[in-house]
Amino acid sequence: MTADPYLSCPVMADAAEPRLDFGGTTPYEDYVHASVLHSLQKTVTKDPREMSFLVITQVMELYFTLLVFEWRHTQERLRDDDVPGALDALRRSAAHLQALRAAWLPLARMTPREFNSFRDALGEGSGFQSGAFRHMEFLLGEKSASLLVPHRSVPALHAELEEALSAPSVYDDVLALLARRGHPVPAELLSRDLTQPYRPSAEVEQVWAAIYCGEPGELSDLGEALTDVAEQFTRWRHDHLIATRRAMGAKTGTGGSAGVSWLEKRARRDVFPELWTARSYV
Ligand code: HEM
């Protein structure tokens, strides 16, 4: 006999009011640590725009942490051959990336005069020095040992990034899964030097083309979920690039790079490259 779902659902108490009396901090505070979060907005100028810049940067950092978590979880699911579990995590992460991109809105129309009003106070600080962003890039296959250098003096972060540099990226785990499912992924790709950036392969392009030419299924769903992530990540880079062009034109960055031309070069790179090129053969 099957259980009656109506009997097992909780019954709502009539017009109950929330609890008001707590001995110490509230359970909300214990869980969210809101007072810690609200104590972190230490602006360095009196310019009211700087508060938007700082809070939005902090919000983006929190999203970077969330994305690292989701992609590491995706890897665990892939290693267990649990494609539905990996799809859930990838789809969540594509939605997080969209929410992250929406955070650009208040910064995207900053004029050079407005940016100048607090820019000097940022000194040499730059998002280029974000360890969480670098971790995201490593998970997406964009490895670079030299980008560990800014974090040499912070042992815990340096160790985390060093581990991510030599560990498989999400895409390496996807290729291993495709090989286990009988697709002809070249052996040298499966045992490649993981500290190097992923380079596109004609054979992998053919594997994706074959998956997309066949009946839709788990693996083509995986391809599309990865493409959504790649697209949203590239769009974040473009949002950043356009906001930077509006705020500072072709001036050099606070991190010391050539600024817009450096960001343009980085924005031209494709995440999960064969998922884009294989489409020409389907
Ligand atoms: C309109 C405001 C912003 C401007 C003008 C700007 C400008 C720049 C510039 C010129 C660079 C190149 C490195 C350098 O020389 O500094 C850079 C890199 C970077 N910025 Fe921003 N940025 C802005 C807002 C943000 C925000 C809110 C974030 C969020 C965390 C962010 C994250 C990054 C990251 C992660 C990089 C490294 C990109 C990479 O390695 O490919 N930026 N930014």
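In this predicted model, the ligand is surrounded by 27 residues, of which Ser-126, Arg-134, His-240, Ser-257 and Arg-266 are the closest, a residue being counted as near when one of its heavy atoms lies within 4 Å of the molecule. Residues are numbered from 1 along each chain as its sequence is written, and side-chain values use heavy atoms, with hydrogens and water left out. Because the model is predicted, local features need pLDDT of at least 70 and side-chain atom pairs count only at pLDDT 80 or more, whereas totals for chains, interfaces and linings use all residues.

The iron atom of the ligand has His-240 as its only protein donor, through NE2 at 2.2 Å, where donors are N, O and S atoms within 2.8 Å of the metal (3.2 Å for Na, K and Ca) and water is not among the atoms, so that sites may look incomplete. His-240 is placed in helix 12, which spans residues 218-248. Oxygen atoms of the ligand are also approached by polar side-chain atoms: an N or O atom of Ser-126 is at 2.7 Å, a polar atom of Arg-134 at 2.8 Å, and an N or O atom of Ser-257 at 2.7 Å.

The largest nonpolar core (buried Ala, Val, Leu, Ile, Met, Phe, Trp, Tyr and Cys residues joined through side-chain atoms within 4.5 Å, buried meaning under 20% relative accessible area with a 1.4 Å probe and protein chains only) holds 55 residues, and Trp-71, Leu-178, Trp-208, Leu-222, Leu-226 and Phe-272 touch the most other members. Helix 12 gives the most to this core, with 11 residues.

Key:
Helices (H or I, at least four residues) and strands (E, at least two) are DSSP runs, numbered from the N terminus. Buried means under 20% relative accessible area, exposed over 50%, partly exposed in between (1.4 Å probe, protein chains only). A polar contact is a pair of N or O atoms within 3.5 Å; within protein, one must be able to donate a hydrogen and the other to accept it, and residues adjacent in sequence count only if both atoms are side-chain atoms.
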